[in-house]
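Biologist: Please give me one close look at a single part of this protein, going slowly from one piece to the next, and explain each term as it comes up.

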Amino acid sequence: MMQWPDALGKPHPAWSADQGELRLVSLVPSITELLWDLGLGPHLVGRTGFCVHPRQALQAVPKVGGTKGFSVEKIRALAPTHVIVNVDENRREEVAALEAFVPHIVVTHPLGPDDNPALFRLLGHLFGKEGEAERLCADYAAARAELAAAVADLPRETVLYLIWKKPWMSISRDTYISRMLAAAGWDSLPADAAERYPEVDLALARQAGRIMLPSEPYPFRDKDALELAADPAAGGTPVLAVDGEMISWYGSRAIAGLRYLAALRQSLA
């Protein structure tokens, strides 16, 4: 039987109908959406409370808690054949508690937008959705080319992308978000952070062409943008509200995300 390695290099066999019922639990919001777009929605038996797309369809899928602090007992009761997790979004020790009763824990860890086709193919091969995966790969390639064309003649710009408040936190360039922004010609600050999600001094904004306030993980609102625009520490750097899902979610959402960035960058040119 063909084996497919996950992000940790652990091989998993491709599922086939003679193995019984396929039962999937996703502990990653963007993966939940991807599973649905691969046609695997009928096999999804559990999700986190942050798994919200597609909204209407997911109402019937039981919640098991958050990406962190999920209920091991709720997952046990669902008897999954596979639980899909992510290196950044789930705690290793909590995932380890599932190993006693989950046959397959599939670990994902896309580090940039161009890791998405491999993610599509991994899940497509594991769950018999190769055709659907290839269609997503083709759509991704088209969106990637559209973004490259949209920014080809635009100058690169440095941005401070904030993900948290009290304390202010940003992203290092060794993150999916930063690489997504880089594809659109935006280079994130700080340029040399040792931590992937460092605390920052707001004065760093003075080195940026603009401050970006995403809708998640911290739910920045209009009042935050107004406060930042008036804060002397930021030095009057322009503030831009952005859709955090479009920039930070990998999986099928990344296809729409690339097109979102192309339109956004063009609108600001």
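**A sheet, its helices and its loops**

Modeller: Lys166 is found in the loop between S7 and H7, where S stands for a strand and H for a helix, both being DSSP runs numbered from the N terminus (H or I over at least four residues for a helix, E over at least two for a strand). Before we go further, please keep in mind that this is a predicted model, in which local features need pLDDT of at least 70 and side-chain atom pairs count only at pLDDT 80 or more, while totals for chains, interfaces and linings use all residues. Residues are numbered from 1 along each chain as its sequence is written, and side-chain values use heavy atoms, with hydrogens and water left out.

Lys166 is not a glycine, and yet its phi is positive, at about 60°. Most residues other than glycine have a negative phi, and most peptide bonds are trans. Because its relative accessibility is 74%, Lys166 counts as exposed; in this scheme buried means under 20% relative accessible area, exposed means over 50%, and partly exposed is what lies in between, with a 1.4 Å probe and protein chains only.

Following the chain out of this loop brings us to helix H7, which covers residues 176–183 and is mostly covered itself, with 6 of its 8 residues buried. Those buried residues are Tyr176, Ile177, Ser178, Met180, Leu181 and Ala183. Let us pause at Ser178, which lies in H7 and counts as buried because its relative accessibility is 4%. If neighbours within four places in sequence are left aside, Ser178 is in contact with Ile171, Ser172, Arg173, Trp186 and Ser188, where contact means heavy atoms within 4.5 Å. After H7 comes Gly185, whose phi is positive as well, near 85°.

What does the sheet in this part look like, and in which order do its strands stand? It is an open sheet of 4 strands, arranged as S8-S7-S9-S10, and the pairing is parallel; two strands are said to pair if DSSP finds at least two bridges between them. The edges are held by S8 (186–188) and S10 (239–242), each of which has a single partner strand, so one side of each is left without a neighbour in the sheet. On average, and with direction ignored, neighbouring strands here are turned by 40° against each other; axes are lines fitted to C-alpha atoms, for helices over the stretch in contact, and angles run from 0 to 180 degrees between N-to-C directions.

One pair of strands can be followed residue by residue. Strand S9 (residues 210–214) pairs with S10 in the parallel sense over 4 bridges, and within this pair Met212 stands opposite Leu240 in S10. H7, the helix we have just visited, packs on the sheet and touches S7 (157–161), S8 and S9, and its direction makes about 155° with that of S8. Helix H8 (residues 222–230) also packs on the sheet, where it touches S9 and S10, and its direction makes about 160° with that of S9.

The loops around S9 hold two peptide bonds that deserve a careful look. Pro190 is in the loop between S8 and S9, and the bond that leads to it from Leu189 is cis, with omega near 0°. On the way from S9 to H8 the loop contains Pro217, and the peptide bond from Glu216 to Pro217 is cis too, with omega near 5°.

For a comparison with Lys166, it helps to step outside this part for a moment and look at Ala79, which sits in the loop between helix H3 (72–78) and S5. Ala79 is not a glycine either, and its phi is positive, at about 50°. With a relative accessibility of 45%, Ala79 therefore counts as partly exposed, whereas Lys166 counts as exposed.

To put the part together again, the sheet runs in the order S8-S7-S9-S10, with H7 packed against S7, S8 and S9 and H8 packed against S9 and S10.
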